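Trainee: Could you walk me through this fold, with the cut-offs stated as we go?

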Amino acid sequence: MKYRRIVRTDGRLAGWQCCLMLMIGLISFLLLWLMLSPLFTALLPVNLVNRVTGLLIVFVGISGLIEVFSYCTRSVVPNFKIKKMRFGQKRIVSAILRRFTDTLIIYNLKLAIKTNIGYEMPAIYAYIKPDRESGFIAIENMGGKIANLDADNSSSGLSGVLATRRLRKYTFTSQELSEDGNFYIYYFEDTTTSHRLTVKNKNVEPFVSENKHILCLAKNLSWDASSTAHMSVIGRTRSGKSVFADYLCTLAILQGWKVEFNSIKHDIYVDKFHGQFEPEKIIERVEYWLKAMDKRNAGILKAGKSKYYEIDLPDVLVVIDEIGNLNGYLADNRTLKTRWISAINRLTATGASAGIHVLAMSQMGTKEAFLPSAARANCSDAVIMLGLAADSGDERRYMMPGFELPHRTYRTGQGLARLVTAGKMWEQPHFYETPYYTR
């Protein structure tokens, strides 16, 4: 149990402090009376001296009970469970908590509540993971004061907490309300230590996984397609989106996947991975994979299984790039648009059990420039946003709803990733860097 801390500003005392001073005064008077009682006995009747002594003892006992009661009925802060940490973790957490001075909390962040005896201070907890690369700060949502820290103020206010030589490598990346609603949790991570894969001479063989259903995306991130079937990638021109798709397709082929790259923009990847670039042909390929999906599901059912990997069917990666341009072309062709919506919705809805994975790519994460709503929902468990798209609040809210992030500048190949089956850290938008190609 942790009691509320109060910072006094006008000299007034709390109730339990007044009771404590009264009890100390009575005890002091009782001790003085006992020391002088031989003198009083000589001057006053013994019964009177004993009666006064008894009354003083009673008053001290009553004041003690009142003090214990007032002390135990102080305001209690909500409990927030923190995992046990080792010495190195505790040192960093202590350094973080020391940054939350009374001046910062009261005047800068304005999170304290003014009372007649001073400022009631919110409870603040911090935690850092054993690898010391990420953690969070939990601030009590006391009296709704946490509203003072919106997404913009978090970057300008809370970021100053980490502005020390030891802590400056950490950056706040996202925030959320705790399950009980008593705390706002601000997540931070080490953005200076890179987990980016380095591909030398276009050789991705070092990143081939023992599990053929898992594609390695970074040193600390993998895409398990058997758990999360589809992926969305959003990125402007020169954001690194195409190079990332090339890496994924090449790696998938090395792990025994069938790969097909379709894009209305006829680029080298369409030819390299045997795809289509004409809109009608792209739709025909999606419909082809629908038929393949039905055949696969029939074979799975015949074998008495429920998943494709239980009968060792190879994974299939169907890449659809430049979806925004494709939507623009289909806008004036109702027949093709209807076929496209029907085919992509069905493929993303039921292709998972058959091992057919859709990699949906577009320059913008908007309703007009991306998949139909039903298909987008089926591809929302694995989302990567690069460059300007990752820093666009509107596009993030469309692709990763429920997360408010501060402004940040991303270079080529940098952005945010969210994969719900890649571990707790990746259940929310997390800083990500695509593989880097070098000679």
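What follows is a set of questions and answers on the sheet, the cores, the rings and one loop.

Mentor: This is a predicted model, so local features need pLDDT of at least 70 and side-chain atom pairs count only at pLDDT 80 or more, while totals for chains, interfaces and linings use all residues. Residues are numbered from 1 along each chain as its sequence is written, and side-chain values use heavy atoms, with hydrogens and water left out.

Trainee: In what order do the seven strands of the open sheet run?

Mentor: Strands here are DSSP runs (E, at least two residues), as are helices (H or I, at least four), numbered from the N terminus. Two strands pair if DSSP finds at least two bridges between them. The pairing in this sheet is mixed. The order is β12-β13-β14-β11-β15-β16-β17.

Trainee: Which strands stand at the edges?

Mentor: An edge strand here has a single partner strand, so one side of it is left without a neighbour in the sheet. The twist averages 20° from one strand to the next. The edges are β12 (258–263) and β17 (430–433).

Trainee: Which residue in β17 is the bridge partner of Gly-415?

Mentor: Strand β16 covers residues 414–419. β16 and β17 pair in the antiparallel sense over four bridges. The partner of Gly-415 is Tyr-432.

Trainee: What angle does the direction of helix α6 make with that of β11?

Mentor: Contact means heavy atoms within 4.5 Å. Helix α6 (residues 241–254) packs on the sheet and touches several strands, including β11 (231–235) and β17. Axes are lines fitted to C-alpha atoms, for helices over the stretch in contact, and angles run from 0 to 180 degrees between N-to-C directions. The angle is about 150°.

Trainee: Which element gives the most residues to the largest nonpolar core?

Mentor: A nonpolar core is a set of buried Ala, Val, Leu, Ile, Met, Phe, Trp, Tyr and Cys residues joined through side-chain atoms within 4.5 Å. Buried means under 20% relative accessible area, exposed over 50%, partly exposed in between (1.4 Å probe, protein chains only). The largest core holds 39 residues, and Ile-320, Trp-340 and Met-385 are among those that touch the most other members. With seven residues, the element that gives the most is α8.

Trainee: How many residues are in the second core?

Mentor: This second core is separate. Its members include Ala-218, Phe-261, Leu-359 and Met-425. The count is 38 residues.

Trainee: Why is the ring pair of Tyr-127 and Phe-136 classed as tilted?

Mentor: Rings of Phe, Tyr and Trp (its six-membered ring) pair if their centres lie within 6.5 Å; planes under 30 degrees apart count as stacked, over 60 as edge-to-face and the rest as tilted. The two centres are 5.6 Å apart. Tyr-127 is buried at 10% relative accessibility, and Phe-136 is buried at 14%. The pair is tilted because its planes stand at 35°.

Trainee: How many residues apart are Phe-244 and Tyr-432?

Mentor: Their rings form an edge-to-face pair, with centres 6.2 Å apart and planes at 75°. Phe-244 is buried at 1% relative accessibility, and Tyr-432 at 2%. The pair links helix α6 to strand β17, distant parts of the chain. The separation is 188 residues.

Trainee: Which ring does Arg-376 lie over?

Mentor: A charge sits over a ring if NZ of Lys or CZ of Arg is within 6 Å of the ring centre and within 35 degrees of the ring normal. Lys-114 has its charged end over the ring of Tyr-119, 5.6 Å from the centre. Arg-376 is placed at 4.5 Å from its ring centre. That ring belongs to Tyr-398.

Trainee: Is Gln-428 buried or exposed?

Mentor: Gln-428 lies in the loop between β16 and β17. Beyond its neighbours within four places in sequence, Gln-428 contacts Ser-174, Glu-176, Tyr-187, Phe-403, Ala-417 and Arg-418. The relative accessible area of Gln-428 is 10%, so this residue is buried.

Trainee: Which residue stands opposite Gln-175 in β7?

Mentor: Strands β6 (residues 170–177) and β7 (residues 183–190) run antiparallel, joined by seven bridges. Their hairpin has five residues between the strands, and Gly-181 takes a positive phi near 80° there. Opposite Gln-175 stands Tyr-186.
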